[in-house]
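Work through the exercises below with the sequence and the structure side by side. Each task is followed by a solution that goes step by step.

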Amino acid sequence: MPESEISIKKRSRSHIYFGVSKDSGEVLSIDQVPSGLACRCVCAACGEALEARKGTQRIHHFAHVSNYECLYANEVSIYMAAGSFLKAEKKIMLPPVIISFPSKAAEKAEDARLIDIDDIKYSCSPKVYPPLLILSVNGDKMRLI
């Protein structure tokens, strides 16, 4: 397995709250889709089919049809959703830059500021982690972590 590829299989279960529409590629929350396979969603991390579990006993969530459990399913889908949001807004608020040294008091080097985004590139191959969300700002590129 290449170094860039990390296994996304896990043993403990956690709920998945976002899936990717097979039809549009849009990231959808569990609240936006019909129950069962009618949701027509796949996992953002591994690309496998999801079903929407919307019963009365447990919190609504997605699950892999094959019962495969992805370690990063939620995180990858959140990256995708953030990319879609930022692409629509074309702006992001950067936090202030604080510099601190053990021998001195912390010092603010730069105030928080709102910047315009020229372009956004999202990439994450199935079963590869971490996803990349690259913002282009005034010709410079920055990775959103």
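**Exercise 1.** Find which backbone oxygen the side chain of S77 reaches, and decide whether S77 is buried or exposed.

*Solution.* In this predicted model, the side chain of S77 reaches the backbone oxygen of N74 at a distance of 2.8 Å. The next step is to place the residue, and S77 turns out to sit in helix α1. Its relative accessible area is 0%, and because buried means under 20%, S77 counts as buried. The last step is to look beyond the neighbours within four places in sequence, where S77 is in contact with F18, V27 and A44.

**Exercise 2.** Determine which side chain meets that of D23 in a salt bridge, and explain what parts of the chain the pair ties together.

*Solution.* Side chains of opposite charge can pair when their charged atoms come close. Here the side chain of D23 meets that of R40, with 2.8 Å from N to O. D23 belongs to the loop between β1 (18-21) and β2 (27-29), whereas R40 belongs to strand β3, so the salt bridge ties together parts that lie 17 residues apart in sequence. Turning to accessibility, D23 is exposed at 56%, while R40 is partly exposed at 39%. One more feature of R40 deserves attention, namely a positive phi of about 55 degrees, although R40 is not a glycine.

**Exercise 3.** How many salt bridges does the count come to? Describe the pair E51 and R53 and the pair D111 and K108.

*Solution.* The count comes to seven salt bridges, and among them is the one between the side chains of E51 and R53, at 3.1 Å from N to O. In that pair E51 is partly exposed at 21% relative accessibility, and R53 is partly exposed at 32%. In the salt bridge of D111 with K108, the closest N and O atoms are 3.2 Å apart. Here D111 is exposed with a relative accessible area of 52%, and K108 is exposed with 51%.

**Exercise 4.** Locate K90, and state what is noteworthy about its phi.

*Solution.* K90 is found in the loop between α1 (73-89) and β6 (91-94). Its phi is near 65 degrees, which is a positive value in a residue other than glycine. With a relative accessible area of 38%, K90 is partly exposed.

**Exercise 5.** Identify which residues make the nonpolar surface patch of about 260 Å².

*Solution.* The patch is made by V97, I99 and F101. Taking V97 as the example, its place is in strand β7 (residues 97-99), and at 39% relative accessibility V97 counts as partly exposed.

How values were computed
Residues are numbered from 1 along each chain as its sequence is written. This is a predicted model: local features need pLDDT of at least 70, side-chain atom pairs count only at pLDDT 80 or more; totals for chains, interfaces and linings use all residues. Side-chain values use heavy atoms; hydrogens and water are left out. Helices (H or I, at least four residues) and strands (E, at least two) are DSSP runs, numbered from the N terminus. Buried means under 20% relative accessible area, exposed over 50%, partly exposed in between (1.4 Å probe, protein chains only). Patches are made of residues with over 30% relative accessible area and no salt bridge: like charges are joined within 9 Å, nonpolar side chains (Val, Leu, Ile, Met, Phe, Trp, Tyr) within 5 Å. Accessible areas come from the Shrake-Rupley method with a 1.4 Å probe; for residues, only the protein chains shown count as cover. A salt bridge is a side-chain nitrogen of Lys or Arg within 4 Å of a carboxyl oxygen of Asp or Glu. A polar contact is a pair of N or O atoms within 3.5 Å; within protein, one must be able to donate a hydrogen and the other to accept it, and residues adjacent in sequence count only if both atoms are side-chain atoms. Contact means heavy atoms within 4.5 Å.
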